[in-house]
Amino acid sequence: SVIHLDFVWTFAAALLHSVRANCPIAMAINDVLKRPASPEKASEEPAAKKAAVSNVTTQIATPLSRHCATLVETLDATPEAVSGPTHAKDACEAEAAKATTAPDKHATEAQGTAVAETAVAEDVPEQLRRLRAFIINLERRPDRFKRCTDMLQREMPWLAFEQFKASDGTRNPIPEAEIATTWNTKCNAHFADYFEWVFDAPGKDIDKKPWKWADDAHREDPNWTFVEEGREPWTFPHHASDSKGRTGKVTKKATGEVFDVKLQFGNRYLDPGLVQRMSGGERGCAHSHLRMWRLAAERTEPTLVLEDDLQVCFVRTDPTLGEANGRIFTHRLALALKHAPSDLDVLYLGWSGWRDGHSRHPRDGQEQWSNADNYLRKAEYVWTTVAYVLTQAGAKKLLAAATPTINQPVDNFMAWEASQGRLNAYVALDQGDTDFTWAGGIVDQFDFQGDSDIIKSDGGHQ
């Protein structure tokens with residue numbers, strides 16, 4: 001008998017929910033995937049995205065039997081918590097028994113694999129059947145690779161994937177002829193948060209001198225107090241186009257002096273721009289993706305590019321929808337690809353930033369709403385490269401743009417190409433992502449804060 005993956009996913013989800021509910025270890029997830037000059041978690045998200053890690057093990061060797069054994073063990077252990085058709089359990093028990101009693105181990109494994117592949121092929125949407133994933137991972141970090149592969153095998157057993165060894169600057173120098181050592185903020189500044197509060201004191205030395213970044217102003221400070229006057233507090237995702245006339249007062253705690261401040265854009269970051277040195281991790285990350293684009297350019301089928309901090313289990317943008325999982329990922333990705341244009345270059349699966357419905361610089365004559373807008377939106381400028389689908393045409397465009405070098409962090413580089421109309425990029429939407437969502441999509445990032453391989457030039461981590 002063949003057990004369809006919708007049954008497996010249903011029971012696996014119930015099992016995972018039970019395990020997570022009793023798991024004492026909570027892993028925090030970076031809820032905002034962005035890289036502005038002064039990184040800050042977006043405050044408008046309705047709930048912080050979090051995930052727990054649970055391990056489901058079995059003694060059954062073959063792929064299908066692994067899922068069957070999980071189902072059988074779950075039903076036997078917690079029959080009141082999981083309901084399902086009796087024939088599903090019976091079929092799984094038979095499959096598990098067959099796998100454990102067969103005299104020819106190699107023949108049994110081959111048969112089990114063939115059965116599993118048949119079941120997967122029948123249940124996987126057509127848009128995903130030829131999709132292959134490559135996990136960018138430093139060879140010296142097998143722990144990160146194992147976490148990622150365990151999750152993929154548990155949540156998306158249909159997905160074919162393999163390791164893509166990341167460029168490691170600690171072992172082999174990253175070639176400067178391919179990846180620049182510095183980058184200029186003048187491109188990123190068109191879209192990132194370079195707003196600052198400056199002193200408004202005509203005739204005094206401090207006039208127009210920066211006090212703080214806009215997104216730092218409301219943080220607790222041992223030396224200053226800040227009060228924004230008038231309207232609701234300014235936030236970059238919601239008010240980037242509404243900064244004029246924003247004023248406030250700051251008080252120096254030590255002396256009680258009060259100063260007027262006003263909000264303005266730091267034009268020096270736009271023209272001539274500020275040159276920053278790319279960190280070693282940023283250069284290695286960019287080189288890894290460059291090499292990945294070369295591979296994708298040789299493949300006729302779309303390539304799924306994954307970084308090893310990928311997370312598919314997280315609290316969704318709309319927390320009433322519960323936690324995302326592999327079944328939801330599969331469903332939403334298939335719908336996004338089904339509705340994607342034929343000339344798609346890149347589909348971001350996790351993102352933060354600007355896209356149709358929430359643009360930094362709205363275009364004239366934007367397309368009218370269609371059913372496809374429920375599943376994907378045209379990207380204007382979005383950050384993060386944790387997971388994206390890359391077509392052969394898109395890979396060739398990125399390689400052409402990267403000649404002679406990638407001249408900024410790789411997510412900025414890709415975002416800039418999209419913003420200039422040279423890369424036909426879209427973002428995948430999860431159910432619950434709206435025009436007010438800053439960071440969304442069908443994946444998230446595992447939180448490696450304090451254990452990061454990439455320290456960004458603007459102070460962030462991944």
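Asp-430 sits in a loop of this predicted model, the one that links strand β18 (425-428) to strand β19 (439-441). Although Asp-430 belongs to a loop, its relative accessible area is 3%. Asp-430 therefore counts as buried, since the cut-off for that term is under 20%. Apart from its neighbours within four places in sequence, the residues in contact with Asp-430 are Arg-316, Ile-328, Arg-332, Gly-441 and Ile-442.

A second loop residue can be examined in the same manner. Ala-189 is found between β5 (182-184) and β6 (195-199). Is Ala-189 buried or exposed? With a relative accessible area of 2%, Ala-189 is buried. When residues up to four places away in sequence are not counted, Ala-189 touches Tyr-194, Phe-265, Tyr-269 and Leu-270. One of these, Tyr-269, is 80 residues from Ala-189 in sequence, yet the two C-alpha atoms are 6.2 Å apart in space.

These two loops may now be placed within the whole protein. The protein contains 10 helices and 20 strands. Of its 462 residues, 52% count as buried. Among contacts with a separation of 6 or more, 77% are between residues 24 or more positions apart.

The helices come next. Helix α10, which spans residues 410-419, is mostly covered, with nine of its 10 residues buried. Its buried residues are Val-410, Asp-411, Asn-412, Phe-413, Met-414, Ala-415, Trp-416, Glu-417 and Ala-418. After α10 comes Gly-421, which has a positive phi, near 80°.

Two packed helices are described by the angle between their axes and by the distance between those axes. For helix α7 (residues 280-297) and helix α9 (residues 392-401), the angle is about 135° and the axes are 8 Å apart. The pair is therefore described as oblique. The crossing of α7 and α9 is left-handed. Which residues meet where these helices pack? From α7 come Leu-290, Trp-293, Arg-294, Ala-296 and Ala-297, and from α9 come Gln-392, Ala-395, Lys-396, Leu-398 and Leu-399. In this contact, seven residues are nonpolar, one is polar and two are charged.

Attention now turns to the strands. Strands of a sheet pair through backbone hydrogen bonds, and the pairing may be parallel or antiparallel. Strand β3 (residues 132-137) offers an example of the parallel arrangement: six bridges join β3 to strand β4 (residues 160-165). Within this pair, Ala-133 has Phe-161 of β4 as its bridge partner. Five of the six residues of β3 are buried, so the strand is largely enclosed by the rest of the structure.

The antiparallel arrangement appears in an open sheet of five strands, whose order is β7-β6-β10-β9-β8. Its edge strands are β7 (210-213) and β8 (224-228), each of which pairs on one side only. From one strand to the next, the twist averages 30°. At one edge of this sheet, β8 is joined by five bridges to strand β9 (residues 247-252), and the two run antiparallel. Thr-225 provides a point of reference in this pair, for Thr-225 stands opposite Thr-251 in β9. The order of the sheet also includes β6, the strand that bounds the loop of Ala-189 on one side.

Methods:
Residues numbered from 1 in each chain as written. Predicted model: local features only at pLDDT ≥ 70, side-chain atom pairs only at ≥ 80, totals over all residues. Heavy atoms only, no water. Helix = DSSP H or I, 4+ residues; strand = E, 2+ residues; numbered from the N terminus. Buried < 20%, exposed > 50% of the residue type's maximum accessible area, 1.4 Å probe, protein only. Contact = heavy atoms within 4.5 Å. Pairing = 2+ DSSP bridges. Axes fitted to C-alpha atoms, helices over the stretch in contact; angles between N-to-C directions. Parallel < 35°, antiparallel > 145°, perpendicular 65-115°, else oblique. Left-handed = near helix turned anticlockwise from the far one by under 90°. Nonpolar A, V, L, I, M, F, W, Y, C, P; charged D, E, K, R; others polar.
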